[in-house]
Amino acid sequence: MITLTFNGAINIDNIDLYEEIFNGQRQNPNGCQIKGTFFMNHKYTNYSAVQDLHRRGHEIAVFSLTHRDDPKYWTSGSYDDWLAEMAGGRLIIERFANISDGSIIGVRAPYLRVGGNKQFEMMADQFFVYDASITASLSRVPIWPYTLYFRMPHKCNGNAQNCPSKSHPVWEIVMNELDRRDDPSFDESLPGCHMVDSCSNIQSGDQFGRLLRHNFNRHFNSNRAPLGLHFTASWLKSKKEYKEELIKFIEEMLDRNDVYFVTNLQVIQWMQNPTELTGLRDFSEWKEKCDVKGQPFCSLPNACPLTTRELPGETLRLFTCMECPNNYPWVLDPTGDGFNKRR
């Protein structure tokens, strides 16, 4: 299983990239279109585009509401901070991308700054199924996703990380670090990188292609833990050859009959019901929204110019197929209905 995950707002800057990768022509061995997982934050997001990604079977997950750029805010956030950021972020997506099927169940912390037990207590209370922010150091054998009922099966690494220390009924879709050496048989070891964009030595399409194939083989030839490839769209767009290499790699993998590009949720569904390769073509959880045809819900979304007291002086556009709210949705007013006026 390979997961393609993307972090950040979904808008005019990257919709074309997602259209190109997920063009409807690339199919897994079961005949269904390949799928990705989008961790999105609120500001600058075009909700009509999110609605269409969801219609086509991609997984929408939460990357916070504000994406505040103070890492300490996330590491030591209170229960209420995490509640406002993640459950509030989900509320906004459900409302303005018209997602009513309860499918937004995943969370990724900004800067991958995990919020310790507070974050996971909030997730359990709010019925979030998984977190995808904890990284596992590069090791000989990658790690499968696990539940936090028991102790984490690896060290809590990273700077000032605040991993959960109690038991929680939540899955962790761990981010296995990638081996970024150009020639693994020759080069001395380098520290791994968890987001593809953080593999700072990748400067050319050829290097990127080698990274993809080498890490695929590392996973495939050991314990076959899912290979997570995590991107910000701007990195993939920074050089045309990166996007071309990724597409070449996807098509190469699809020429085999034993590799599937699935969402994080589909990884968990398989782990809860492991199915042999021969039975995967009929694995019902992977057949939902298999090969979606048809047009977006609306061709001309409302471009609502909105303000909020919480962001004084800013007018932001909210693109949605739904009705425009009164205010720009933000932490204290996620629905955009307006603050209660004190008499």
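These exercises walk you through a predicted model of one protein chain, each with a worked solution.

Residues are numbered from 1 along the chain as its sequence is written. Because the model is predicted, local features need pLDDT of at least 70 and side-chain atom pairs count only at pLDDT 80 or more, while totals for chains, interfaces and linings use all residues; side-chain values use heavy atoms, leaving out hydrogens and water.

**Exercise 1. The whole chain**

Task: Describe the make-up of the chain and work out how its radius of gyration fits the globule rule.

Solution:
- Step 1. The chain has 9 helices and 12 strands. Helices (H or I, at least four residues) and strands (E, at least two) are DSSP runs, numbered from the N terminus.
- Step 2. The radius of gyration is taken over C-alpha atoms, and the globule rule is 2.2 Å times the number of residues to the power 0.38. For 343 residues a compact globule would come out near 20 Å, and the chain has 20 Å, so the two agree.
- Step 3. Along the principal axes, the C-alpha atoms fill a box of roughly 70 × 45 × 40 Å.
- Step 4. Of the 343 residues, 55% are buried. Buried means under 20% relative accessible area, exposed over 50%, and partly exposed in between (1.4 Å probe, protein chains only).
- Step 5. Look at the contacts with a separation of 6 or more: 66% of them join residues 24 or more positions apart. Contact means heavy atoms within 4.5 Å.

**Exercise 2. Helix H4 and its two neighbours**

Task: Find how H4 is oriented to H5, and how H4 is oriented to H2.

Solution:
- Step 1. Begin with the rules. Axes are lines fitted to C-alpha atoms, for helices over the stretch in contact, and angles run from 0 to 180 degrees between N-to-C directions. Angles under 35 degrees count as roughly parallel, over 145 as roughly antiparallel, 65 to 115 as roughly perpendicular and the rest as oblique.
- Step 2. H4 (residues 79–96) packs against H5 (residues 116–125) at about 50°, with axes 8 Å apart. The pair is therefore oblique.
- Step 3. On the H4 side the contact uses Tyr-79, Trp-82, Leu-83 and Met-86; on the H5 side it uses Lys-118, Gln-119, Glu-121, Met-122 and Asp-125. Sorted by class, these are 5 nonpolar, 1 polar and 3 charged residues. Here Ala, Val, Leu, Ile, Met, Phe, Trp, Tyr, Cys and Pro count as nonpolar, Asp, Glu, Lys and Arg as charged, and the others, Gly among them, as polar.
- Step 4. Now turn to H2 (residues 47–55), whose axis comes within 9 Å of that of H4 and crosses it at roughly 85°. H2 and H4 are therefore roughly perpendicular.
- Step 5. In this contact, Tyr-47, Val-50 and Gln-51 of H2 meet Ile-92, Ile-93 and Phe-96 of H4. By class there are 5 nonpolar, 1 polar and no charged residues.

**Exercise 3. In and around H5**

Task: Which residues of H5 are buried, and what covers them?

Solution:
- Step 1. The buried residues in H5 are Gly-116, Asn-117, Gln-119, Phe-120, Met-122 and Met-123.
- Step 2. Their cover includes H4, E4, strand E5 (130–131) and strand E8 (171–172).
- Step 3. Check the loop between strand E4 (106–107) and H5, where Leu-112 sits. Leu-112 is not a glycine, yet its phi is positive, near 55°. Leu-112 counts as buried because its relative accessibility is 8%.
- Step 4. After H5 comes Phe-127, with a positive phi near 60°.

**Exercise 4. Buried or exposed?**

Task: Decide whether Asp-52 is buried or exposed, then do the same for Ser-100.

Solution:
- Step 1. Asp-52 belongs to helix H2. Its relative accessible area is 10%, so Asp-52 is buried.
- Step 2. Leaving aside residues up to four places away in sequence, Asp-52 touches Pro-296 and Phe-297.
- Step 3. Ser-100 lies in the loop between H4 and E4. With a relative accessible area of 72%, Ser-100 is exposed.
- Step 4. Ser-100 and Glu-172 are 72 residues apart along the chain, and their C-alpha atoms are separated by 24 Å.
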